[in-house]
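Hi,

Here is the structure I promised to pass on. Have a look at it first, and then read my notes underneath.

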Amino acid sequence: TISTCDFARYRASDDLCQGSVEALLSRCTQMLDAQGQAIALDAAQIKQEVEIMAGQGLRVLAFAQKAAVAHQHAIDHEDIATDLVFLGLQGMIDPPRPERSRRFTPVSQRASKSR
């Protein structure tokens, strides 16, 4: 499934957040339905979608938002700790970095080097 996010519909005062699914999902109380209306969060449905995406080898990020208070000029971690609205997921190909893959040598190669 491919979805798009129309960021023009969000006010400049809305706090848009991205991060790991686990970190953001625990802060959300609502999600958007297909018509863009806020409904009760269905964490099981989201986790099922994450499993499907991860099973395809994708790194999955979550996106959420919270309407900022009108007089607020800066945000703090406490401001986005609760009551976020889950917006969606992004799956991306994230191949291992070359320096990391060199640290992990297949077992068959390690065994032959130790002999």
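**Fold at a glance**

Starting at the N terminus, the elements of the protein chain follow the order β-α-β-β-α-β-β-α-α. That comes to four helices and five strands. Do keep in mind that this is a predicted model. The protein chain has 115 residues, and buried ones make up 23% of them. As for contacts between residues at least 6 apart in sequence, 66% join residues at least 24 apart.

**Strand E2 and its partners**

E2 covers residues 28-32 and pairs with two strands that I looked at. With E5 (residues 84-93) it runs parallel, joined by three bridges, and Met31 sits opposite Phe86 there. With E3 (residues 38-40) E2 runs antiparallel, again through three bridges; on that side Gln30 faces Ala40. The hairpin of E2 and E3 has five residues between the strands, and Gly36 in this hairpin takes a positive phi near 85 degrees.

**The cysteines**

How many disulfides does a search of the whole structure find? Zero. Cys17 is in no disulfide, and the nearest cysteine sulfur, in Cys28, is 8.3 Å away. As a reminder, a disulfide is a covalent bond between the sulfur atoms of two cysteines. Why is there no bond for Cys28? Because its sulfur lies 8.3 Å from the closest cysteine sulfur, that of Cys17, which is too far; the cut-off for a disulfide is within 2.5 Å. Are these two cysteines buried or exposed? Cys17 has a relative accessibility of 10%, so it counts as buried. Cys28 is buried too, with a relative accessible area of 7%.

**The second largest pocket**

This one may be of interest to you. The second largest pocket has a volume of about 180 Å³. Its lining is made up of Val21, Glu22, Leu25, Ser26, Lys47, Val50, Glu51, Ala54, Leu58, Arg59 and Val60. Helix H1 (21-25), helix H2 (43-55) and strand E4 (58-67) are the elements that each give two or more residues to this lining. Which of them gives the most? That is H2, with four residues. Sorted by class, the lining of the second largest pocket holds six nonpolar, four charged and one polar residue.

Over to you.

Best wishes

Terms used: Residues are numbered from 1 along each chain as its sequence is written. This is a predicted model: local features need pLDDT of at least 70, side-chain atom pairs count only at pLDDT 80 or more; totals for chains, interfaces and linings use all residues. Side-chain values use heavy atoms; hydrogens and water are left out. On a 1 Å grid over the protein atoms alone, a cavity is a set of points where a 1.4 Å probe fits but cannot get out, and a pocket is an open set with protein on both sides within 12 Å along at least five of seven lines; lining residues have an atom within 4 Å of a point. Grid points are joined across faces, edges and corners, and a volume is the space filled by probe spheres set on the points. Ala, Val, Leu, Ile, Met, Phe, Trp, Tyr, Cys and Pro count as nonpolar, Asp, Glu, Lys and Arg as charged, and the others, Gly among them, as polar. Buried means under 20% relative accessible area, exposed over 50%, partly exposed in between (1.4 Å probe, protein chains only). Two strands pair if DSSP finds at least two bridges between them. Contact means heavy atoms within 4.5 Å.
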